[in-house]
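Let's walk through this structure together, one piece at a time. Keep the sequence and the 3D view open as you read.

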Amino acid sequence: MTVKNILFATDGSKYSARAASLMEELLQAWPEAECTVIYVTVKENYAYDLVPDAVDIYEERLSEMIKQEIDEQLARWKNRLRFVHLTGHPVKSICTAAQEVKADLIVMGSHGRGLMNEALLGSVTHGVLHHSEIPVLVAK
């Protein structure tokens, strides 16, 4: 399997950090591969109508922190990374972005929140696994 484009979905969690470690291995294994790192802001999580400026500022800072962490962790491959910050529904945004960048693979972390939550997968990971037409690699 030849991989030219990888979409790495992150939310800055410890599970995403594990997926970033996996990205190091993948970028080493596929020296021609490019990586689009995506972070999705979900405005439904906030009382957005009450404080839209505060939410936007917080999310921009969070996005920048995530970008810096990824740049540091994957510094060796920085010239092969592109960071994208989107707003919307995470599952739809990730699946759409993967198609737009013609990704060969989606990499993301899992969220172990208990047996009742999609058999130890986070709802976003579960959704991407079931809606993506592109192979998904989940780092536990």
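Strand 1 (residues 5-9) and strand 2 (residues 34-41) run side by side in the parallel sense, joined over five bridges. Helices here are DSSP runs of H or I with at least four residues, strands are runs of E with at least two, and both are numbered from the N terminus; two strands pair if DSSP finds at least two bridges between them. Within this pair, Ala9 stands opposite Ile38 in strand 2. Strands of a sheet pair through backbone hydrogen bonds, either parallel or antiparallel.

A word on the model: it is a predicted one, in which local features need pLDDT of at least 70 and side-chain atom pairs count only at pLDDT 80 or more, while totals for chains, interfaces and linings use all residues. Residues are numbered from 1 along each chain as its sequence is written, and side-chain values use heavy atoms, with hydrogens and water left out.

Now step back to the whole sheet. It is an open sheet of five strands in the order 3-2-1-4-5, with parallel pairing. Strand 3 (81-87) and strand 5 (136-139) stand at the edges with a single partner strand each, so one side of each has no neighbour in the sheet. From one strand to the next, the twist averages 25 degrees; such angles run from 0 to 180 degrees between N-to-C directions, and axes are lines fitted to C-alpha atoms, for helices over the stretch in contact. Along the chain, the protein has four helices and five strands, arranged from the N terminus as β-α-β-α-β-α-β-α-β.

What covers strand 2? Seven of its eight residues are buried, meaning under 20% relative accessible area (exposed is over 50%, partly exposed in between; 1.4 Å probe, protein chains only). Helix 3 (residues 90-100) packs on the sheet and touches strand 1, strand 2, strand 3 and strand 4 (105-109), with its direction at about 155 degrees to that of strand 2. Contact means heavy atoms within 4.5 Å. The buried residues of helix 3 are Pro90, Val91, Ser93, Ile94, Cys95, Ala97 and Ala98, and their cover includes helix 4 as well as strands 1, 2, 3 and 4.Helix 4 (residues 123-131) lies across strand 4 and strand 5, running at about 160 degrees to strand 4. How do the two helices meet? Helix 3 and helix 4 pack at an angle of about 45 degrees, with their axes 9 Å apart. They are therefore oblique to each other, a class for angles that are not under 35 degrees (roughly parallel), over 145 (roughly antiparallel) or 65 to 115 (roughly perpendicular). At this contact, Pro90, Val91, Ile94 and Cys95 of helix 3 meet Ser123, Val124, Gly127, Val128 and His131 of helix 4.

Finally, look just past helix 3, at Lys102 in the loop that leads to strand 4. Lys102 has a positive phi of about 55 degrees although it is not a glycine. Most residues other than glycine have a negative phi. Lys102 is also exposed, with a relative accessible area of 62%.
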